[in-house]
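Got your viewer open and a selection box ready? Let's take a walk through this one, stop by stop.

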Amino acid sequence: MRKVEAIIKPFKLDDVREALSEIGISGMTVTEVKGFGRQKGHTEMYRGAEYQVDFLPKMKLELIIADDLVDQAVETIVSCAKTGKIGDGKVFVYPVERAIRIRTGEENDDAI
């Protein structure tokens with residue numbers, strides 16, 4: 001099992017979710033997050049005053065996936081979330097040692 005973590009632009013969330021469900025991935029956790037990388041933030045105007053926005057809104061997707069679906073899931077996320085502009089996000093893949101479904105006690109692949 002692997003944990004796939006993706007940071008994407010908020011308006012790409014529905015596209016990514018739909019594409020993942022088409023390849024058989026239905027469960028994920030989504031969190032609204034803020035951050036910056038090379039994009040560094042930007043300047044905005046509010047009531048005539050200019051101010052710096054340092055942290056940009058992003059969506060963080062977390063998925064626990066069987067090993068045989070990881071490459072396909074990562075490719076799907078990258079292709080759907082890509083706009084070609086700075087700030088498209090990142091994808092991280094981590095090993096998962098153990099997963100337990102609390103309700104039934106099922107473990108590992110049965111739990112996901």
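What follows is a tour that starts with the whole chain and then goes from residue to residue.

**The whole chain**

Before you select anything, keep in mind that you're looking at a predicted model. Color by secondary structure and you should find 2 helices and 6 strands. Follow the chain along its sequence and the order reads β-α-β-β-β-β-α-β.

Now zoom out and turn on the C-alpha trace. The C-alpha atoms fill a box of roughly 55 × 30 × 20 Å along the principal axes. How does the radius of gyration stand against that of a compact globule of 112 residues? The globule would come in near 13 Å, while this chain has 17 Å.

Switch to a surface if you like. The chain exposes about 7,800 Å², and carbon and sulfur atoms supply 49% of that. Buried residues make up 29% of the 112 residues. As for contacts with a separation of 6 or more, 69% of them are between residues 24 or more positions apart.

**Charges and salt bridges**

Color by charge next. There are 17 positive and 20 negative charges, and the mean positions of the two sets are 7 Å apart. Side chains of opposite charge can pair when their charged atoms come close. Here the count comes to 7 salt bridges.

Select R2 and D67 first. They form a salt bridge, with the closest N and O atoms 4.0 Å apart. Why does this pair tie together parts that are 65 residues apart in sequence? Because R2 sits in strand β1 (residues 2–8), whereas D67 belongs to the loop between β5 (56–65) and α2 (70–81). R2 is partly exposed at 32% relative accessibility, and D67 is partly exposed too, at 46%.

Now go to K9 and D88, whose side chains meet in a salt bridge at 3.7 Å, N to O. K9 is in the loop between β1 and α1 (13–22) and D88 is in the loop between α2 and β6 (89–95), so this pair ties together parts 79 residues apart in sequence. Are these two buried or exposed? Hide the surface to see them: both K9 and D88 are buried.

Next, pick R98 and E107. Their salt bridge has its closest N and O atoms 3.1 Å apart. R98 counts as exposed, with 54% relative accessibility, while E107 is partly exposed at 33%. While you're on salt bridges, select K3, E5 and E62 together: salt bridges that share partners join these residues into one network.

**From T76 over to I23**

Move to helix α2 and select T76, which has its place there. T76 is buried, with a relative accessible area of 11%, so it falls under the 20% cut-off. Which residues does T76 contact once its neighbours within four places in sequence are left aside? Show A19, L20 and I23 as sticks, and you have them.

Hop across to I23, in the loop between α1 and β2 (29–35). I23 is partly exposed at 22% relative accessibility. Looking back from this side, I23 touches L69, Q72, A73 and T76, not counting residues up to four places away in sequence.

Keep I23 selected and add E50 for a long distance label. The two are 27 residues apart along the chain, and their C-alpha atoms are separated by 45 Å.

**Two last stops**

Select E22, in helix α1. E22 counts as exposed, at 70% relative accessibility. Draw a distance from E22 to F11: these residues are 11 apart along the chain, with 19 Å between their C-alpha atoms.

Finish at N108, which you'll find in the segment after β6. What is phi here? The angle is near 55°, a positive value in a residue other than glycine. N108 counts as partly exposed, with a relative accessibility of 29%.

How values were computed. Residues numbered from 1 in each chain as written. Predicted model: local features only at pLDDT ≥ 70, side-chain atom pairs only at ≥ 80, totals over all residues. Heavy atoms only, no water. Helix = DSSP H or I, 4+ residues; strand = E, 2+ residues; numbered from the N terminus. Buried < 20%, exposed > 50% of the residue type's maximum accessible area, 1.4 Å probe, protein only. Rg over C-alpha atoms; globule rule 2.2 N^0.38 Å. Contact = heavy atoms within 4.5 Å. Areas by Shrake-Rupley, 256 points an atom, 1.4 Å probe, with all protein chains shown as cover. Lys, Arg positive; Asp, Glu negative; His and termini not counted. Charge placed at Lys NZ, Arg CZ, Asp CG, Glu CD.
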